[in-house]
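Biologist: Could you take me through one part of this model in some detail? I would like to begin with a sheet and then see where it leads.

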2 protein chains.
Amino acid sequence: MTFAGERPEPGHMQPQPLLIRQLLFSPACYNPEQEIVYRGALRLTYRDLRERVQRLAGALAALGVRRGDTVAVMDWDSHRYLECFFAVPMLGAVLQTVNVRLSPQQILFTLGQTRPTVLLANPDFIPLLDEMGEDIRFIDRVVLMPDEAPVPAPRLPVVGEYEDLLAAAEARFDFPEFPEETIATTFHTTGTTGLPKAVYFSHRQIVLHTLSLIATYATQPGHGRFDRSDVYMPITPMFHVHAWGIPFMATALGVKQVYPGRYEARRLLELQQSEGVTFSHCVPTILKMMLDEPDRTDLTGWKIVIGGAVLTRALAQEAMSRGIDVFCGYGMSETCPLLLISHVDLDQLDDPAEELDLRVMAGKPAILTEVRIVDDQMRDLPADGMARGELVARAPWLTRGYRGNPEASSSLWEGGYLHTGDIATHSPKGYFKIVDRLKDVIKTGGEWISSVDVEDIISMHPQVSECAVIGVPDAKWGERPVALIVPKPGCAPEADAFSALLGEHVSRGQLSRFGIPDRYILVEELQKTSVGKIDKKKLREVYDQSQALFGEEQ
Amino acid sequence: MTFAGERPEPGHMQPQPLLIRQLLFSPACYNPEQEIVYRGALRLTYRDLRERVQRLAGALAALGVRRGDTVAVMDWDSHRYLECFFAVPMLGAVLQTVNVRLSPQQILFTLGQTRPTVLLANPDFIPLLDEMGEDIRFIDRVVLMPDEAPVPAPRLPVVGEYEDLLAAAEARFDFPEFPEETIATTFHTTGTTGLPKAVYFSHRQIVLHTLSLIATYATQPGHGRFDRSDVYMPITPMFHVHAWGIPFMATALGVKQVYPGRYEARRLLELQQSEGVTFSHCVPTILKMMLDEPDRTDLTGWKIVIGGAVLTRALAQEAMSRGIDVFCGYGMSETCPLLLISHVDLDQLDDPAEELDLRVMAGKPAILTEVRIVDDQMRDLPADGMARGELVARAPWLTRGYRGNPEASSSLWEGGYLHTGDIATHSPKGYFKIVDRLKDVIKTGGEWISSVDVEDIISMHPQVSECAVIGVPDAKWGERPVALIVPKPGCAPEADAFSALLGEHVSRGQLSRFGIPDRYILVEELQKTSVGKIDKKKLREVYDQSQALFGEEQ
């Protein structure tokens, strides 16, 4: 007798869909009086949150928001944004978290793609919206979210203010039930090239991502844990991959939450102290800004997850010396973003040097994530800490594609796994380490050489100010590394010195012999992108065009 | 522009199904060398587990097991059972965990309902199977799972021994992908009346239950927590609601696991000590047996969740005085079983009396569970710690019904919520407390009186050996309580004494005045069920039939 469960029996219940509103069930029981604080000034309880989410839903429905419509938000980190995280998807509508750091033209493009029924905007962004002039006229309902009293009427079609609309709405709203595949959120990624691409996440995906976040963070012994006794403050914007999804986790657990408004290092530190914040996340730049503030030296008891850029050993060391439990998360807009967390195993917390190495890695996979390191034929590479391949992943919460972009979606998911475009190694103890971007790695002699590794070694030379290593086509080896070096003022280091330096690392087994560049070229500067990163694409183009200049000299 | 996500875009990935095999992804990365121990003698690693799961799947496939087929298991708690927890569902087949404590006739009924393709049996159960004689002949493939050397050939159609089949199978098996609604497990509940009823759980449900277990246990500060540093040993059988699902949680986290075989108090205590067990679960009877063992007095560092029957304050106190972190879980076969856990809030761990009260309650809802206390019109009752109503629940992992039983399934899910048949209160701080079974509660004067409450008070009388309070039909009040009392030898307590005792509790607001019985009847004994519980159904029948005997006296 087979019993596969595909044909439901009569009288049996249908499977219950996973919906974001379910994340509010247990905190309402656990901690109805727990606080949600905005900028240290406004204090709400979870009981208030539940009521305000219902009022907001009623207000949005009254403005004509229907299932499948988009509601766009432009705000700093606030209790209002948290209310939108729940009310908009719980209505069956799609929350668009607008990246307010994009250029006006890019923002216009992203809103033009989604055509929101309502735009909720902090008045700080009125000048930016006004700059778009007539082009933004497709938005015909703007709700302003001012912190204080009346704001100057903008040229936008304002239909009301947030608090007024909530006050006018009913305290109770009966949220509909709908399929769990209903889209809950959307936002745009910003690559270095091309137009922003829209990723999107369903109710099912947000719920599963939240559960995996909790299961991964809370089960970690020794350090880096999150539980019901923590106090949370985001320092990665809520428009950036839902502040890494942590507001959903914090709310589901009913912990105290602190929303800091626009980030200012001094205020963040004041809030951390006055509200007893124990858990935050940010990019390295903000961590550095906070550490550089003069007034606070002891930051013991603050766990901070770092992502978005490389956390250097030096910055990690500095944060730890100030008492911060600092470690890394790895993911991207496409991955919701949870994939890896650099939690350190208990038995490796004994050795400070090893511990530091592990804290700055990408880490170990979250529960339910399948992470692989593969070659260009999608074959698994050994977990030996050496073999390099692209990091590809599957997890139930990864974006299904880019909206309206079948080509980019197909290549994102080539072979049934999401391609991160990052090159990584996998250690025997299970830690993943990102070593390069796929487009920057140098494929030579059957090996993948990390340009970053070679750059790190060359940078140790005392006469080097800056350097970039790029792969250039080679008939015999596929590609060969070439080093472009900006010497320190008045210096003119010799190629032999670099070969010797790199040779030492080869002999110690830390670098493949294929990684020693064929050529070292001294240059005056390295081309940068608009955000200040070295632009290797441009460097490769310049190198191609100017190769004749360098001729055949060795 | 609407964007509800129902029509997938071209080039986009399909939603990834939730499958039990995903629970093996992260432990394989985290802890491949971690141990799984059987009876202190056999030691495997998670690496071994993964290989043995693949070999077992290959062996079962070779025996003809196909998707939707049932594979039944009869074993004590073992590493083999854990392997079946994964291999059988991962094949797409249904794992039937046979309750070996049922009578041969009941076991025969349950196997007859599922008709397993293969039965995996510990030789300890050969006599039991032989007892079924010709009636069990529909099972034509039995695999024996002996602990030691050869076993006597039974009359059953044995096709091999577990270890031999694993050794003969390939080390690698490519598990298929299938819809997440595919049934993973089934087993039978045993009420006090009628035939056993089969509940069932899908891959999706097991995965979600596991995530909620982890998220609920791991986020608890102060006590009762489970994390990656714990060592787990079940003391509720694996055939009983998957040992409450904890083996799935323990495996997903890659913790050390200890499987004790058949339960013997002394061996359980020895294993706890020698293997460093920190987390277990059991019924009160086993806890009592272990506490009564003479050799071990200090059991500090052992967390034990109690379920299946009421944990008395006295037993909880005794366990705590021996160093055990004891608390309760609430659920049932139909609920997979997670619904509530009596974790105590940090701020209530200061007051020992209050703490003890909370530890013996049903507790607070697990993440994603919606638990309500309702009257017979499904209206919510206030969370005031007093109002009594039936506890009903929704969660994505509750059984969809009873196989082949549409009527019982419909009443289980009446009104869209699963009916537990338990009467509970809900405190302002969010704790649920079970006060009675729905069928035993006395509905009188518009109130629901807990028969258990009245019994507890009457039992305080020094001349009472045992008592039961039942509701009897009453024209005016609907029902009225009647107390059946077994006095201590040589005693003949008066009705007035009971009325006075109960009256004191009424005046202190601890009992409704409707709870004072109309009649106190001294009896020689109280009818019991086969498992030793007072049989109130029988008592009500006897009372009905014998009412003439008691006449109208007051």
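In which order do the strands of the open sheet of four strands in chain B come, and is their pairing parallel or antiparallel?

Modeller: Happy to. A word on conventions: this is a predicted model, in which local features need pLDDT of at least 70 and side-chain atom pairs count only at pLDDT 80 or more, while totals for chains, interfaces and linings use all residues. Residues are numbered from 1 along each chain as its sequence is written, chains are lettered from A and ligands numbered from 1 in the order in which they are written, and side-chain values use heavy atoms, with hydrogens and water left out.

The order in chain B is S17-S18-S19-S20, and the pairing is antiparallel. Strands (E, at least two residues) and helices (H or I, at least four) are DSSP runs numbered from the N terminus, and two strands pair if DSSP finds at least two bridges between them. S17 (370-374) and S20 (432-437) of chain B are at the edges with a single partner strand each, so one side of each has no neighbour in the sheet. From one strand to the next, the twist averages 45°; axes here are lines fitted to C-alpha atoms (for helices over the stretch in contact), with angles from 0 to 180 degrees between N-to-C directions.

Follow the edge strand S17(B) inward: five bridges pair it in the antiparallel sense with S18 (residues 389-394) of chain B. One bridge partnership there joins B:Glu370 to B:Arg394 in S18(B).

B:Arg394 also takes us across to the other chain, where its side chain meets that of A:Glu177 in a salt bridge at 3.2 Å, N to O. Such a bridge is a side-chain nitrogen of Lys or Arg within 4 Å of a carboxyl oxygen of Asp or Glu, and the count between chain A and chain B is four. There are also 22 residue pairs in polar contact between the chains, both residues at pLDDT 80 or more. A polar contact is a pair of N or O atoms within 3.5 Å; within protein, one must be able to donate a hydrogen and the other to accept it, and residues adjacent in sequence count only if both atoms are side-chain atoms.

Helix H7 (203-218) is among the elements of chain A that each supply at least two residues to the side touching chain B, and H7(A) gives the most, with eight residues. That side of chain A divides into 37 nonpolar, 26 polar and 19 charged residues. Ala, Val, Leu, Ile, Met, Phe, Trp, Tyr, Cys and Pro count as nonpolar, Asp, Glu, Lys and Arg as charged, and the others, Gly among them, as polar.

Taken as a whole, the interface brings 82 residues of chain A into contact with 81 residues of chain B, contact meaning heavy atoms within 4.5 Å. About 7000 Å² is buried between them, with carbon and sulfur atoms giving 57%; this is the accessible area (1.4 Å probe) that the two parts lose on being put together, summed over both.

Now look at chain A, which has an open sheet of four strands in the order S17-S18-S19-S20, with antiparallel pairing. Its edge strands, S17 (370-374) and S20 (432-437), each pair on one side only, and neighbouring strands are turned by 50° against each other on average, direction ignored. S19 (residues 418-426) of chain A runs antiparallel to S20(A), joined by five bridges, and A:His426 stands opposite A:Phe432 in S20(A).
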